[in-house]
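Thanks for coming. I have one model to go through today, so please have the sequence and the structure open.

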Protein chains: 2
Amino acid sequence: MQYTHSDILLQERRFRGNLINSLGGFKSALLIGTKSEEGHENLAIFSSFFHIGADPALCGVVVRPTTPGLNTLHHILSTAHYTLNHIAPSFYQQAHQCSAKYDDGVSEFEEVGLTPLYKPGIQAPFVGERRIQFACELVQTLDIALNGTTILIGQIIHIEVPDELVGADGFIDIEKASSVTCSGLDSYHLTQKIGRLSYAKTDAPVRLI
Amino acid sequence: MQYTHSDILLQERRFRGNLINSLGGFKSALLIGTKSEEGHENLAIFSSFFHIGADPALCGVVVRPTTPGLNTLHHILSTAHYTLNHIAPSFYQQAHQCSAKYDDGVSEFEEVGLTPLYKPGIQAPFVGERRIQFACELVQTLDIALNGTTILIGQIIHIEVPDELVGADGFIDIEKASSVTCSGLDSYHLTQKIGRLSYAKTDAPVRLI
């Protein structure tokens with residue numbers, strides 16, 4: 001099936017949403033925890049996380065100008081802190097439920113039954129059910145005028161990962177952690193390793209490591 | 001294992017690179033094809049793709065200011081067109097090999113043994129070994145001053161997906177297509193579906209669809 005630019009524009013809204021959301025490949029599925037200055041806790045699921053660099057440790061996430069992303073955005077703009085928590089199969093339905101449009105001031109933690117957990121120096125709540133998580137401090141915002149979304153650039157200020165998942169070279173075995181990946185708006189998956197490959201050089205083929 | 005902000009800064013460069021790259025979850029692995037105005041073809045692997053919106057259909061990718069990303073960047077800035085191609089297990093080693101630092105003017109297609117394929121109206125080459133791919137036209141660039149990277153925002157102008165993968169609701173079954181996901185800098189994985197979930201509402205639990 002081929003879709004030209006005008007074909008894409010002509011699709012029914014929901015069809016196009018599913019098509020474009022699943023087109024780009026598998027995505028990171030993370031729960032972002034925030035707290036407002038008034039003390040309201042918020043937990044939202046995001047699939048738009050991306051790596052920017054390791055030194056300094058920077059990452060980005062796209063926030064849409066609609067509920068529930070809007071609460072996350074407001075909390076981060078006012079407090080600068082947010083947590084990012086991997087999702088396990090044991091609570092992926094609760095994670096997905098966080099995308100419902102709860103009223104302002106309602107805590108998704110309470111509604112879906114996940115536990116806010118605090119750590120010293122970080123204002124935003126982590127997800128207590130998981131020990132593979134990190135926290136960011138907002139360092140830049142970028143506006144995408146074409147659709148009103150905002151890219152938040154965060155510096156990673158705290159990491160927690162179980163010891164047994166971190167290799168001698170720093171690689172975290174997130175498959176062993178049963179971290180969930182997602183496709184499109186609503187499809188959740190585990191993974192099965194094909195292989196790790198050596199650093200690619202022009203004068204030798206890559207090999208399994 | 002916990003790493004504070006200063007712990008992260010103190011890690012050895014390669015350890016930190018692996019740690020931070022694998023921390024954020026599974027990523028989309030895509031081959032980006034470009035062609036310079038002089039006719040040089042380029043193929044580079046990227047794991048920083050992210051979805052921005054479906055209407056208009058927008059996506060982003062982070063480009064580092066080093067080879068081979070730099071060639072991709074220059075080609076896109078001058079021609080505006082680029083293709084994004086899913087990776088299959090049958091050629092994931094060739095895809096990874098594209099990250100080697102080949103000299104300017106050398107075609108990664110030739111070096112790794114993948115086939116450039118052209119379609120009407122799109123200046124950039126697709127990967128002929130795969131029929132799940134799309135093309136973008138550059139619409140915005142955003143600079144991340146903190147580490148010298150550039151975010152390219154593209155509008156999706158062409159999609160090709162096998163008929164049997166596209167559901168009635170527009171969802172593309174990229175697991176059935178054996179599309180590869182990656183973790184960190186060098187780990188490649190297939191996926192295993194847990195479930196698709198219904199649109200989340202505040203007054204009813206989500207269910208499998």
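I will take the symmetry, then the strands, then the cysteines, the salt bridges and one glycine.

Some conventions before that. This is a predicted model, in which local features need pLDDT of at least 70 and side-chain atom pairs count only at pLDDT 80 or more, while totals for chains, interfaces and linings use all residues. Residues are numbered from 1 along each chain as its sequence is written, chains are lettered from A and ligands numbered from 1 in the order in which they are written, and side-chain values use heavy atoms, with hydrogens and water left out.

Symmetry, then. A turn of 180 degrees with a shift of 0.0 Å along the axis lays chain B on chain A at an RMSD of 0.0 Å. The superposition is by least squares on the C-alpha atoms of residues with pLDDT of at least 70 in both copies. The two copies are thus related as by a two-fold rotation axis. In chain B, the C-alpha nearest that axis belongs to B:Thr191, at 2.1 Å. As for the interface, 100% of the interface residues of chain B are also interface residues in chain A, so the copies meet through the same surface. Contact here means heavy atoms within 4.5 Å.

Next, the strands. Helices (H or I, at least four residues) and strands (E, at least two) are DSSP runs numbered from the N terminus, and two strands pair if DSSP finds at least two bridges between them. Consider strand 11 of chain A, residues 149-160. How many of its residues are buried? Twelve of the twelve are, so the strand is largely enclosed by the rest of the structure. Buried means under 20% relative accessible area, exposed means over 50%, and partly exposed is in between, with a 1.4 Å probe and protein chains only.

What does strand 11 of chain A pair with? One partner is strand 6 of chain A, residues 57-63, antiparallel over six bridges, with A:Cys59 opposite A:Gly154. Another is strand 10 of chain A, residues 133-144, antiparallel over eleven bridges, where A:Gln133 stands opposite A:Glu160. Strands 10 and 11 of chain A form a hairpin with four residues between them, and A:Gly148 in the turn has a positive phi of about 75 degrees. There is also a partner in the other chain: three bridges join strand 11 of chain A to strand 1 of chain B, residues 2-4, in the antiparallel sense. In that pairing A:Ile159 has B:Tyr3 as its bridge partner.

In chain B, strand 10 is paired with strand 7, residues 81-86, over five antiparallel bridges. B:Leu84 stands opposite B:Phe134 there.

Now the cysteines. A disulfide is counted as a pair of cysteine sulfur atoms within 2.5 Å, and a search of the whole structure finds zero of them over all chains. For A:Cys98, the nearest cysteine sulfur is that of A:Cys182, 14 Å away. A:Cys98 is buried, at 0% relative accessible area. For B:Cys136, the closest cysteine sulfur is in B:Cys59, at 3.5 Å, which is too far for a bond. B:Cys136 is buried as well, at 0%.

On to charges. A salt bridge is a side-chain nitrogen of Lys or Arg within 4 Å of a carboxyl oxygen of Asp or Glu. The structure holds ten over all chains. One of them is B:Arg16 with A:Asp55, the closest N and O atoms being 3.3 Å apart. B:Arg16 lies in helix 2 of chain B and A:Asp55 in the loop between strands 5 and 6 of chain A, so the pair joins two chains. B:Arg16 is buried at 6%, whereas A:Asp55 is exposed at 52%.

Another is B:Glu160 with B:Lys119, at 2.5 Å between the closest N and O atoms. These lie in strand 11 and strand 8 of chain B, so the pair ties together parts that are 41 residues apart in sequence. Both B:Glu160 and B:Lys119 are buried.

A third example is B:Arg196 with B:Asp169, at 3.0 Å, N to O. In chain A, salt bridges that share partners join A:Lys119, A:Arg131 and A:Glu160 into one network.

Last, the glycine. A:Gly184 lies in the loop between strand 12 and strand 13 of chain A. Is A:Gly184 buried or exposed? Buried, at 3% relative accessibility. Leaving out residues up to four places away in sequence, A:Gly184 touches A:Asn21, A:Ser22, A:Lys27 and, from the other chain, B:Phe171.
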